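Student: I should like to work through this structure by question and answer. Shall we begin with a single residue and then widen the view?

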Amino acid sequence: MSIWEALAVLAAGIGAGTINTIVGSGTLITFPVLLAIGLPPVTANVSNTLGLVPGSLSGAFGYRKELQGQRARILRLGAVSLVGGLAGAVLLLTLPSDSFDTIVPVLIGLALVLVVLQPRLAAALRRRQEAAGGTGPHPDGGPTLLTGMLFSSAYGGYFGAAQGVLYIGLMGLLLREELQRINAVKNVLAALVNGVAAVVFLFVADFDWTAVLLIAVGSTLGGQIGAKVGRRLPPTALRAVIVTVGVIAIAQLLLR
């Protein structure tokens with residue numbers, strides 16, 4: 001790897017760490033760069049996953065204030081996310097690389113619809129549950145959210161682009177919670193999924209240590225930048241950023 005290639009990977013890591021903390025989809029920055037410097041697709045994907053783990057932890061730390069009071073929720077959703085992330089990592093090592101090419105843009109598109117319509121959908125769901133004799137949404141989303149997070153985490157362990165958009169779309173609809181606090185939980189869950197996938201890849205997959213270290217350094221810096229920027233965004237602005245990134249993700253996945 002030349003010095004210019006190394007700088008490009010480092011810069012991509014900073015960008016990915018920043019956007020992952022605010023929204024997700026940082027893989028759409030780093031993955032093409034790794035391909036451009038000559039890494040095979042699977043090696044690039046594995047190296048990217050390993051390198052983004054410190055960035056996910058950095059972003060979660062930056063959102064520590066918004067995590068207060070959510071320990072039980074994180075433990076429950078985190079357990080499901082670990083199982084899903086492990087399944088996704090195994091799928092990456094066993095399935096053809098084009099297995100999810102068709103379904104991934106559809107998943108991201110549905111998640112974006114949920115993000116845009118989340119206030120109205122959540123209010124309508126809450127009114128319907130209360131009219132039926134309930135008290136509103138389940139505090140942890142119930143079985144519906146757990147199932148959705150399981151499959152989203154499996155996708156995250158497999159590839160991970162726009163994984164955060166899926167998480168925010170699901171939790172925003174099924175939890176009665178502020179968007180910034182949901183984003184904080186998203187960062188923790190993404191760290192768990194990337195972490196468990198990284199453990200699997202360390203023992204059974206090929207990766208490039210130089211690329212891993214450069215992305216790790218860059219994404220750690222980016223995680224702190226993303227936390228400072230993301231925590232200042234009002235809900236409407238944050239939704240706008242999520243939708244913009246999600247649309248770009250869909251376009252890139254369809255055109256690649």
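**Burial, cavity and surface**

Tutor: Let us start from one position in this predicted model. Ala60 has a relative accessible area of 11% and is buried.

Student: Why does Ala60 count as buried?

Tutor: The class is reserved for residues under 20% relative accessible area. Ala60 therefore falls within it, because its relative accessible area is 11%.

Student: In which helix is Ala60 placed, and which residues does Ala60 touch?

Tutor: Ala60 belongs to helix α3, which spans residues 41-62. Leaving aside residues up to four places away in sequence, Ala60 touches Leu67, Asn187 and Val188.

Student: How far apart in space are Ala60 and Leu189, C-alpha to C-alpha?

Tutor: In sequence, 129 residues separate Ala60 and Leu189. In space, the C-alpha to C-alpha distance between Ala60 and Leu189 is 9.0 Å.

Student: For the contacts in the protein with a separation of 6 or more, what percentage comes from residues 24 or more positions apart?

Tutor: The protein has 10 helices and 0 strands. Of its contacts with a separation of 6 or more, the share from residues 24 or more positions apart is 82%.

Student: Which element gives the most to the lining of the largest cavity?

Tutor: The structure holds 1 cavity of 30 Å³ or more, and the largest cavity encloses about 200 Å³ of space. Its lining consists of 21 residues, with Asn20, Gly160, Gln163, Ala190 and Asn194 nearest the centre. At least two lining residues come from each of α1 (3-22), α3, α7 (163-174) and α8. The element that gives the most, with 5 residues, is α3.

Student: Turning to the surface, which element gives the most to the nonpolar patch?

Tutor: The patch is formed by Leu93, Val199, Leu202, Phe203, Val204, Trp209 and Leu213, and together these have about 740 Å² of accessible area. Two or more of its residues come from each of α8 (179-204) and α9 (209-230). With 4 residues, the element that gives the most is α8.

Student: Where does Leu93 lie, and why is Leu93 classed as it is by accessibility?

Tutor: Leu93 is found in helix α4, residues 71-94. The intermediate class runs between the buried limit of 20% and the exposed limit of 50%. Since its relative accessibility is 36%, Leu93 is partly exposed.

Student: What percentage of the accessible surface of the protein belongs to carbon and sulfur atoms?

Tutor: Buried residues account for 54% of the 256 residues. The accessible surface comes to about 11,500 Å², and the part belonging to carbon and sulfur atoms is 68%.

Terms used. Residues are numbered from 1 along each chain as its sequence is written. This is a predicted model: local features need pLDDT of at least 70, side-chain atom pairs count only at pLDDT 80 or more; totals for chains, interfaces and linings use all residues. Side-chain values use heavy atoms; hydrogens and water are left out. Patches are made of residues with over 30% relative accessible area and no salt bridge: like charges are joined within 9 Å, nonpolar side chains (Val, Leu, Ile, Met, Phe, Trp, Tyr) within 5 Å. Accessible areas come from the Shrake-Rupley method with a 1.4 Å probe; for residues, only the protein chains shown count as cover. A salt bridge is a side-chain nitrogen of Lys or Arg within 4 Å of a carboxyl oxygen of Asp or Glu. Buried means under 20% relative accessible area, exposed over 50%, partly exposed in between (1.4 Å probe, protein chains only). Contact means heavy atoms within 4.5 Å. On a 1 Å grid over the protein atoms alone, a cavity is a set of points where a 1.4 Å probe fits but cannot get out, and a pocket is an open set with protein on both sides within 12 Å along at least five of seven lines; lining residues have an atom within 4 Å of a point. Grid points are joined across faces, edges and corners, and a volume is the space filled by probe spheres set on the points.
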